[in-house]
Structures are given as C-alpha cells and as structure tokens.
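Trainee: Please pick one part of this model and take me through it closely. I'd like to hear how the strands pair and what sits in the loops beside them.

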Amino acid sequence: MCDVSWRWAALRETSATQLPAPLRTTRQRKAVMSALHQRAGFTSAQELHEALEADGITIGLTTVYRTLHALDRSGRLDVVRERSGERLYRPRPADGHRHYLVCRDCGLSTEVDAGVVERWAEKVAEVTGFAEVEHTVELTGVCDRCRFTRSTTPAPTDRHA
C-alpha cells in the first residue's frame with residue numbers, strides 16, 4: 001500500500017458519549033457501507049465510487065459524496081484527511097470511534113490508545129458546559145517500511161556543487 005502518497009491526516013471524531021444519529025436506510029447507503037467494509041483501510045470517495053461501479057452498482061459520484069457525508073455526520077465512519085484536503089473514510093466500529101497514527105508516505109494506519117484524549121475532551125465539555133463536543137487529533141509519522149525504504153534510497157546528486 002506504499003503507492004498512496006499521504007502527507008497529513010486529520011481525524012474528525014464524534015464524542016464518545018454521543019450516539020449515532022438515526023439515519024434512514026437507502027439502497028445507496030447500504031451499497032456504500034458494504035463497499036467500505038470490503039476495503040482494507042481508509043479509502044477516498046472516488047476510489048469507493050470506482051469500486052462500486054466495478055461491482056456493477058450504478059451510483060453517481062455526487063451520491064457517494066453525499067452518502068459519505070451523511071454517514072460521517074451520523075457517527076458511522078472514521079475520517080482522515082490528506083494534506084491535499086481529500087477525506088478518506090472507513091467504517092467506525094460499533095463500540096465507538098478510534099484514533100489512528102497514519103504514515104505520511106504510504107497511508108498505513110495503526111489504531112492507537114487515546115483514552116487520555118477522550119477523558120480530557122469529556123472534562124473540557126463538563127467544565128465549560130458544552131454538549132456534543134467533537135475533537136480533532138492529528139497523529140502522523142513514517143512507518144518502519146517507509147523509513148527503511150528512505151534509508152536505502154540513494155540521495156540525489158547535487159549538480160550545483
């Protein structure tokens with residue numbers, strides 16, 4: 001999966017205490033969720049659209065975007081954002097959102113324990129009197145595979161020396 005170039009990831013998280021909003025089941029939502037569950041990691045709307053079309057499911061790209069937005073707002077997806085601003089999606093586990101450390105080079109994502117972040121967000125909400133608090137956590141780095149590839153790749157020759 002090192003062929004995907006990711007630069008930065010921003011996770012939009014729904015409060016751990018907030019339940020997903022009710023969402024009417026439609027053919028498109030079922031198809032999008034099914035396709036997301038078949039993917040190994042985070043995927044873009046365009047990649048998802050291509051996969052749906054390849055499976056013979058006729059659905060417009062705009063509908064995929066609208067469906068992903070509705071699923072995200074209802075708390076059913078985890079979302080990361082590339083440096084370019086493109087959002088990438090994966091299904092959120094039934095027991096709540098997750099935080100990920102994402103490789104800036106290849107996009108590999110690894111779930112991390114972020115209980116301290118959750119407790120902090122809940123405390124801030126409690127102290128300030130806010131409800132439905134959302135938070136964004138950015139954890140990026142370079143995975144071992146990409147770091148090794150970087151260290152074995154010869155440095156470019158400086159032609160101005």
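Mentor: Here's a walk along the strands, with a stop at a helix contact on the way.

Some housekeeping before we start: this is a predicted model, where local features need pLDDT of at least 70, side-chain atom pairs count only at pLDDT 80 or more, and totals for chains, interfaces and linings use all residues. Residues are numbered from 1 along each chain as its sequence is written, and side-chain values use heavy atoms, with hydrogens and water left out.

For orientation, the protein chain has five helices and eight strands; these are DSSP runs numbered from the N terminus, with helices (H or I) at least four residues and strands (E) at least two. In sequence order the pattern goes β-α-β-α-α-β-β-β-β-α-β-β-α. Out of 161 residues, 38% count as buried, where buried means under 20% relative accessible area, exposed over 50% and partly exposed in between, using a 1.4 Å probe and protein chains only. Take the contacts (heavy atoms within 4.5 Å) between residues at least 6 apart in sequence: 64% of them join residues at least 24 apart.

Let's start at E3 (residues 77–81), where four of the five residues are buried, leaving the strand mostly covered. E3 runs antiparallel to E4 (residues 87–91), and five bridges join the two; strands count as paired when DSSP finds at least two bridges between them. Along this pairing, valine 79 sits opposite tyrosine 89 of E4, and valine 80 has leucine 88 as its bridge partner. Leucine 88 of E4 is also the bridge partner of serine 44. That brings in E2, which pairs with E4 over two bridges, again in the antiparallel sense.

Just ahead of E2 (43–44), look at glycine 41, in the loop that follows helix H1 (27–38). Glycine 41 is buried, at 13% relative accessible area. Leaving aside residues up to four places away in sequence, glycine 41 touches Tyr89 and Arg90. From glycine 41 to leucine 88 is 47 residues in sequence, but 9.2 Å in space from C-alpha to C-alpha.

The loop between E3 and E4 holds glutamate 82, which counts as buried at 12% relative accessibility. Its C-alpha atom is 8.7 Å from that of arginine 104, with the two residues 22 apart along the chain.

Now for E5. Strand E5 (residues 99–103) is antiparallel to E6, with four bridges between them. One bridge pairs histidine 99 with valine 112 of E6. The two strands make a hairpin with five residues in between, and glycine 107 in the turn has a positive phi of about 90°. E5 also pairs with E8, this time in parallel and over two bridges; cysteine 103 is opposite glycine 141 of E8. Four of the five E5 residues are buried, so E5 is largely enclosed by the rest of the structure. Put together, this is an open three-stranded sheet with mixed pairing, in the order E6-E5-E8. E6 (109–112) and E8 (140–141) are the edge strands, each pairing on one side only.

In the loop from helix H4 (115–128) to strand E7 (135–137) you'll find glutamate 132. Most residues other than glycine have a negative phi. Glutamate 132 is not a glycine, yet its phi is positive at about 55°. With a relative accessible area of 62%, glutamate 132 is exposed.

Finally, the helix contact. The axes of H2 (residues 45–54) and H3 (residues 61–73) come within 9 Å and cross at roughly 120°. Axes here are lines fitted to C-alpha atoms, for helices over the stretch in contact, with angles from 0 to 180 degrees between N-to-C directions. That makes H2 oblique to H3, given that under 35 degrees is roughly parallel, over 145 roughly antiparallel, 65 to 115 roughly perpendicular and the rest oblique. The H2–H3 crossing is right-handed, meaning the near helix is turned clockwise from the far one by less than a right angle. Ala45, Gln46, Leu48, His49 and Leu52 of H2 meet Leu61, Val64, Tyr65 and Leu68 of H3. By class, that H2–H3 contact has seven nonpolar residues, two polar and no charged ones; Ala, Val, Leu, Ile, Met, Phe, Trp, Tyr, Cys and Pro count as nonpolar, Asp, Glu, Lys and Arg as charged, and the others, Gly among them, as polar.
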